[in-house]
Amino acid sequence: MPLIPLPASIVPMNALRASLPGREQKAEPYLDAELALRLLRHHTKNTLQRVLAEIVLIDDAHRSSANDRLLRDLARRITLSVSLSDALFGIVSSPRSMHERMNSICAGTIELLGDPDQVIHLDLKLDGECPAHLRETLLRGTSEMLGNAIKHGLHERMVGRITVRLIVGISETRLTVEDDGWGFCAACEEGDGLGLTQALAEQHGGTSSVQRIRYGTRAEMVLPNRRDEGDDPDHP
């Protein structure tokens with residue numbers, strides 16, 4: 001079975017740093033380093049779980065065309081993981097606008113974690129100018145909440161819809177992710193996703209919640225717009 005070469009965008013970190021002269025490599029000052037590592041680990045774990053699930057199917061595929069399809073899909077998911085990590089953490093490029101990053105994270109997460117035969121419709125709306133010191137937290141919260149919706153709410157459902165809303169009010173910013181899947185269950189609390197979103201919200205004195213609604217599940221993060229003493233005053 002021929003090996004599929006890794007996408008050109010996947011390069012060793014030393015080579016990556018060398019290709020970006022003058023760019024300072026540092027984490028967001030206001031994002032706790034341990035929490036950032038947990039988020040990256042969780043994102044990587046979700047991706048590898050999906051990759052391993054596809055690898056298991058290779059043994060059952062007797063036609064070479066089926067093998068090729070599975071391997072192409074693995075390469076696609078790896079590439080998507082790199083692109084999503086870039087949108088979340090700015091690994092290989094400078095951060096883009098909030099709207100562009102939200103679009104990239106939502107579309108990338110759905111394509112990465114969804115089944116190849118799934119049809120998941122996305123309804124994304126951003127209303128208002130997001131405070132700069134909240135953007136990274138809200139982007140990472142979007143990724144976690146969306147991942148939970150795909151993994152749990154839309155598990156084994158071939159057609160579904162996810163609605164993402166980011167509404168900036170006078171005193172607070174509200175992020176909601178709703179899906180029309182199976183509905184929230186107690187077993188979902190055993191994963192890392194809910195704990196991570198709560199930890200993200202608490203960094204800014206906010207809250208995170210998840211509840212079952214009439215046709216699925218609603219996850220929500222609410223952050224005060226004020227800048228607390230713990231936020232980085234030099235962050236734009």
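Me: What share of the contacts between residues at least 6 apart in sequence join residues at least 24 apart?
Reply: In the protein chain that share is 73%. Keep in mind that this is a predicted model.

Me: OK. How many helices and strands are there?
Reply: The protein chain has 6 helices and 5 strands. Going along the sequence, the pattern reads α-α-α-α-β-α-β-β-α-β-β.

Me: And how do the strands line up in the sheet?
Reply: They make an open sheet of 5 strands in the order β1-β2-β3-β5-β4, and the pairing is mixed. β1 (119-127) and β4 are the edge strands, each pairing on one side only. On average, neighbouring strands are turned by 10° against each other, ignoring direction.

Me: Mixed, right. So which way do β1 and β2 pair?
Reply: β1 and β2 (residues 159-168) pair in the parallel sense, over 9 bridges. If you want a spot to look at, find Leu124, which sits opposite Val164 in β2.

Me: What about β3 and β5, parallel or antiparallel?
Reply: Antiparallel, with 8 bridges between β5 and β3 (residues 172-179). Glu178 is opposite Arg218 in β5 there.

Me: And which way do β4 and β5 run?
Reply: β4 (residues 207-213) and β5 run antiparallel as well, joined by 7 bridges. The two strands form a hairpin, with 2 residues between them. Ser209 has Glu220 in β5 as its bridge partner.

Me: Why is β5 largely enclosed?
Reply: Because 8 of the 9 residues of β5 (residues 216-224) are buried, the strand is largely enclosed by the rest of the structure.

Me: How much of the whole chain counts as buried?
Reply: 42% of the 236 residues.

Me: Switching to surface: how much does the chain expose, and what do carbon and sulfur supply?
Reply: The protein chain exposes about 12900 Å², and carbon and sulfur atoms supply 53% of that.

Me: Back to the sheet. Which strands does α4 lie across?
Reply: Helix α4 (residues 98-113) lies across β1 and β2, and runs at about 160° to β1.

Me: And which strands does α5 touch?
Reply: Helix α5 (residues 135-153) packs on the sheet and touches β1, β2, β3 and β5. The direction of α5 makes about 20° with that of β3.

Me: One general thing: how do strands of a sheet pair?
Reply: They pair through backbone hydrogen bonds, either parallel or antiparallel. In this model, β1 with β2 is a parallel case, and β3 with β5 is an antiparallel one.

Notes:
Residues are numbered from 1 along each chain as its sequence is written. This is a predicted model: local features need pLDDT of at least 70, side-chain atom pairs count only at pLDDT 80 or more; totals for chains, interfaces and linings use all residues. Side-chain values use heavy atoms; hydrogens and water are left out. Helices (H or I, at least four residues) and strands (E, at least two) are DSSP runs, numbered from the N terminus. Buried means under 20% relative accessible area, exposed over 50%, partly exposed in between (1.4 Å probe, protein chains only). Contact means heavy atoms within 4.5 Å. Accessible areas come from the Shrake-Rupley method with a 1.4 Å probe; for residues, only the protein chains shown count as cover. Two strands pair if DSSP finds at least two bridges between them. Axes are lines fitted to C-alpha atoms, for helices over the stretch in contact, and angles run from 0 to 180 degrees between N-to-C directions.
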